[in-house]
Amino acid sequence: MIFSEFIFNSTKKTMEIVVSGIRPTGNLHLGNYFGALKNFISMQNEHDCYFFIADYHSLTTHPTPHDLHGNVKQVLVEYLAAGLDPEKATLYIQSDVPETAELYLFLNMNAYIGELERCTSFKDKIRQQPQNVNAGLLTYPTLMAADIIIHKATKVPVGKDQEQHLEMTRQFANRFNRLYNVDYFPEPQAYNFGKSLVRIPGLLGSGKMGKSEGEGNAIFLADEPAAIRKKVMRAVTDSGPTIPNQEKPETIQNLFQLMSVVSSKDAVNHFNDLYNNCQIRYGDMKKQLAEDMIRFTTPFRERIKELLSDEAYISKVARMGKEKARASAAKTIQEVREIIGFKSF
Ligand code: TYM
């Protein structure tokens, strides 16, 4: 072993383990970026990171094979375009690590219908897709727990909407430890550098930015400037404040929150002062917001375009990630099998 490898391997051992993933359901939006991806990038230098594309999870909505494959590629490309480095972090596709599915099966034996039915994301899905309430939706939190604990992670960078899933992950990990009387799985925590978890609002007035929250609600990293202008100019507002320093309604607060992540402090203060003096013109604010979003997303869009055609590099990254992720997952599964009592004769 050469000296630099020795240093790398010995520091790696002491680094905290980080796991997170994003479902391949289309292009990544600003919510994914500010809620998760931005932290993936800052954590990759000082942690032992596993970032994956949650393609098993996306099967709950029955994508066609063609769409599934295209979306997985798109997310991998967007991970790279955003600055994830396959030499620093393990970047992999969930279905390349079938050990995850085995751990999911084990955890399902120890997850109860009542707690799964009470999960907020499950209740939301029942409302959104009443014609397709499948078992995969119900057991979504056990699959997510398997993703996290298969690498024995302690930190999980995610947005606010994943908080309950993390609570359930801790529950499943602790329950496994108790059932088998072992101190095997650590307790993973949702992580945002000690700050509260992020929730980026959408453009349609209420609710978070998301792909399934309606056309025009999300700004994607790959969006062309014209699309961004169009969506921002259509964002929901109201007729404006009538009393100085009036409290902002949710739709307006959302615009300010979006501005706070892509615009300068001066710009935010400027429109905030105008709001407080009842002189704000939302059209001007939206123009500024759209231009700042374009400025912010342009480097991503350009890099995404470049990388999409580099098939050789994409498959190299996927292969490298698969190998590293499987080595870690196989070790856990072997130990878990022994703990459970599956021993070879
Ligand atoms: P997904 O694919 O819906 O979202 C991926 C990440 O983006 C964050 N996010 C947001 N953050 C702030 N504001 C928003 N509007 C917003 N929209 C999305 C999410 O919180 C998430 O961090 N179940 C997960 C994927 C997953 C996973 C895992 C995550 C599967 N296994 C294991 C962590 C660890 C999901 O559906 O995220």
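1. Which of the 26 residues around the ligand come nearest? In this model, which is predicted rather than determined by experiment, the residues that come nearest are Arg23, Tyr140, Asp147, Asp161 and Ile200. Two of these names, Tyr140 and Ile200, return in the next point, where individual atoms of the ligand are considered.

2. Three pairs of atoms help a new reader to find the ligand's polar surroundings. The side chain of Tyr140 places an N or O atom 2.7 Å from an oxygen atom of the ligand, while for Gly159 it is a backbone N or O atom that lies 2.8 Å from an oxygen atom of the ligand. At Ile200 the partner on the protein side is again a backbone N or O atom, and this one lies 2.8 Å from a nitrogen atom of the ligand. On its own the ligand has 710 Å² of accessible area, and the protein covers 98% of that area.

3. The shell around the ligand can also be read by element and by residue class. At least two residues of the shell come from each of β1 (17-22), α2 (30-43) and α9 (140-149), and Tyr140, whose side chain was described above, falls at the start of the range given for α9. By class, the shell comprises twelve nonpolar residues, nine polar ones and five charged ones.

4. Turning to the helices, α4 (residues 65-82) packs against α15 (residues 311-340) with an angle of about 90 degrees and with the two axes 11 Å apart. Since an angle from 65 to 115 degrees counts as roughly perpendicular, α4 and α15 are therefore described as roughly perpendicular to each other. On the α4 side the contact is made by Lys73, Leu76, Val77 and Leu80, and on the α15 side by Glu311, Tyr313, Ile314, Val317 and Ala318. Seven residues of this contact are nonpolar and two are charged, with no polar residue among them.

5. A second helix pair is formed by α13 (residues 265-276) and α14 (residues 282-308), which pack at an angle of about 170 degrees with their axes 11 Å apart. Because angles over 145 degrees count as roughly antiparallel, this angle makes α13 roughly antiparallel to α14. Here Ala267, Phe271 and Tyr275 of α13 meet Tyr282, Asp284, Met285 and Gln288 of α14, and the residues of the contact divide into five nonpolar, one polar and one charged.

Definitions and conventions
Residues numbered from 1 in each chain as written. Predicted model: local features only at pLDDT ≥ 70, side-chain atom pairs only at ≥ 80, totals over all residues. Heavy atoms only, no water. Near = heavy atom within 4 Å. Polar contact = N/O pair within 3.5 Å; in protein donor to acceptor, adjacent residues only side chain to side chain. Areas by Shrake-Rupley, 256 points an atom, 1.4 Å probe, with all protein chains shown as cover. Helix = DSSP H or I, 4+ residues; strand = E, 2+ residues; numbered from the N terminus. Nonpolar A, V, L, I, M, F, W, Y, C, P; charged D, E, K, R; others polar. Axes fitted to C-alpha atoms, helices over the stretch in contact; angles between N-to-C directions. Parallel < 35°, antiparallel > 145°, perpendicular 65-115°, else oblique. Contact = heavy atoms within 4.5 Å.
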